[in-house]
Amino acid sequence: MPTRAGLPVVVVGAGAAGLMAARFAAVARAPVVLVERTRLGGKKIVVSGGGRCNVLPSEVRAEQFVTASSPNTLRNLLRSWPLAEQRRYFEDELRLPLALEQETGKLFPTSNRSTDVRDRLLATAREAGVSFSFDTRVDDVRPEDDAWIVETDGGPLRASAVVLATGGLSVPNTGSDGIGLKIARRLGHTIHRLYPALTPLTAEPSPHADLAGVSLSVRIEAPQQKGAFVTEGGFLFTHRGWSGPAALNVSHLATLSRLDGGPQQPLLVRWAEHEAEDWEALLQAPGAGTVASLLRRHLPARLADQLLTEAGLPLDHPLAHLRREERARLVRLLTAYPLPWTGDEGYKKAEVTGGGVALSEVDHKTLESRRHPGLFLCGEMLDAFGPIGGYNFLWAWATGRLAGLGAAAAQGR
């Protein structure tokens with residue numbers, strides 16, 4: 001029987017974190033076997049960004065991430081592979097040039113094809129010596145003597161170290177089934193409460209179904225005991241509710257308030273760049289015309305008409321006849337509109353899984369489990385996620401790299 005040092009590193013999951021972990025472990029001269037339940041891997045990479053793959057953001061701060069674990073550990077993990085170094089890696093090592101989309105601050109491959117990202121990750125992993133086992137389901141991972149056993153539907157694999165990079169529960173049609181989280185829990189890891197995050201919000205019945213397809217840039221404020229959570233960005237009306245980056249970025253607070261069974265999280269929308277005093281001035285400016293014509297100059301027409309209707313004003317109401325109480329009611333709807341959400345689209349459309357393995361239970365320098373030496377955890381399995389815009393890929397690349405290097409070092413111990 002081979003010694004532990006002669007056994008391979010087994011990476012479970014060929015998503016963003018797993019592909020990065022496998023390549024870095026192989027570059028560090030460890031024999032690596034990557035096990036993936038789908039035919040080719042990287043499905044979430046392929047469907048991301050509408051098929052374009054937002055590889056990275058143009059800037060990043062730890063405060064943009066959400067975690068129930070130590071913020072200091074999260075910062076250390078992000079610092080392990082800074083954004084500038086990640087971009088150089090993709091462009092120089094993977095030979096995948098990236099271009100900045102100025103209006104969103106997102107970095108995409110210049111080809112605008114997400115398959116190019118997946119294919120380069122697969123190709124460079126193979127070039128580094130990674131062996132792939134596709135269409136292979138992993139049922140369990142367990143320590144045995146001085147090695148690890150990875151139980152698969154094709155038989156057991158012996159490993160010197162195991163990297164769990166199986167993702168969470170989001171977008172299950174890409175192959176995510178939560179098996180890594182189940183294994184981590186069985187091995188005694190603390191799993192902070194799981195919930196769908198970055199998921200569209202819904203209302204039953206939907207009061208804005210007639211606005212489906214309308215999009216604009218908004219600001220959403222979610223009042224909290226310790227200060228408001230504020231997000232800005234694109235917003236899309238759907239037949240069932242609301243989507244777009246601004247709605248997705250604040251959805252976790254709505255979801256958590258629903259799961260807690262407590263008061264519903266208020267979400268207040270500002271529909272344009274104008275603050276209350278700006279609208280006050282516009283609505284009191286001398287001149288002819290209707291309130292509707294003024295609002296349509298600053299908002300999509302269908303939304304402007306909807307807000308007027310909710311304010312109890314006819315579409316032909318003259319500006320000159322707008323009374324003080326009517327103006328105040330309209331300004332509130334324009335700058336602090338209470339979004340009438342009642343639910344969300346769940347994991348089916350969630351970009352990521354909230355919660356996960358507590359960051360305190362992994363070594364922030366290697367991502368090795370503090371409970372089981374030789375076990376490494378990375379990517380969406382860990383208790384952290386960022387906003388829309390490439391932040392969660394940045395997290396996957398950084399933690400995958402760290403786990404791969406750590407596993408390679410463990411393989412030689």
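Here is a short tour of a small sheet and a pocket in this structure, which is a predicted model.

**Stop one: the sheet**

Start by selecting residues 138–144, 147–152 and 155–159, which are β7, β8 and β9. Together they form an open sheet of 3 strands, in the order β7-β8-β9, and the pairing is antiparallel. Look at the outer strands next: β7 and β9 each have a single partner strand, so each has one side left without a neighbour in the sheet. Now turn the view to follow the twist, which averages 20° from one strand to the next.

Keep β8 and β9 on screen. How many bridges hold this antiparallel pair? The two strands pair over 5 bridges. Then pick out Thr152, and you'll find Gly155 of β9 standing opposite.

**Stop two: the pocket**

Leave the sheet and head for the second largest pocket, with a volume of about 660 Å³. To get your bearings, select Thr231, Glu232, Asn249, Pro387 and Ile388; out of 29 lining residues, these are the closest to the pocket's centre.

Next, show β14 (229–237) and α7 (245–260) as cartoons, since each supplies at least two residues of that lining. Which element gives the most? That's β14, with 6 residues.

Finally, colour the lining of this pocket by residue class. You should get 11 nonpolar, 12 polar and 6 charged residues.

How values were computed. Residues numbered from 1 in each chain as written. Predicted model: local features only at pLDDT ≥ 70, side-chain atom pairs only at ≥ 80, totals over all residues. Heavy atoms only, no water. Pairing = 2+ DSSP bridges. Helix = DSSP H or I, 4+ residues; strand = E, 2+ residues; numbered from the N terminus. Axes fitted to C-alpha atoms, helices over the stretch in contact; angles between N-to-C directions. 1 Å grid on protein atoms, 1.4 Å probe; cavity = no way out; pocket = protein on both sides within 12 Å on 5 of 7 lines; lining within 4 Å. Points joined across faces, edges and corners; volume = space filled by probe spheres on them. Nonpolar A, V, L, I, M, F, W, Y, C, P; charged D, E, K, R; others polar.
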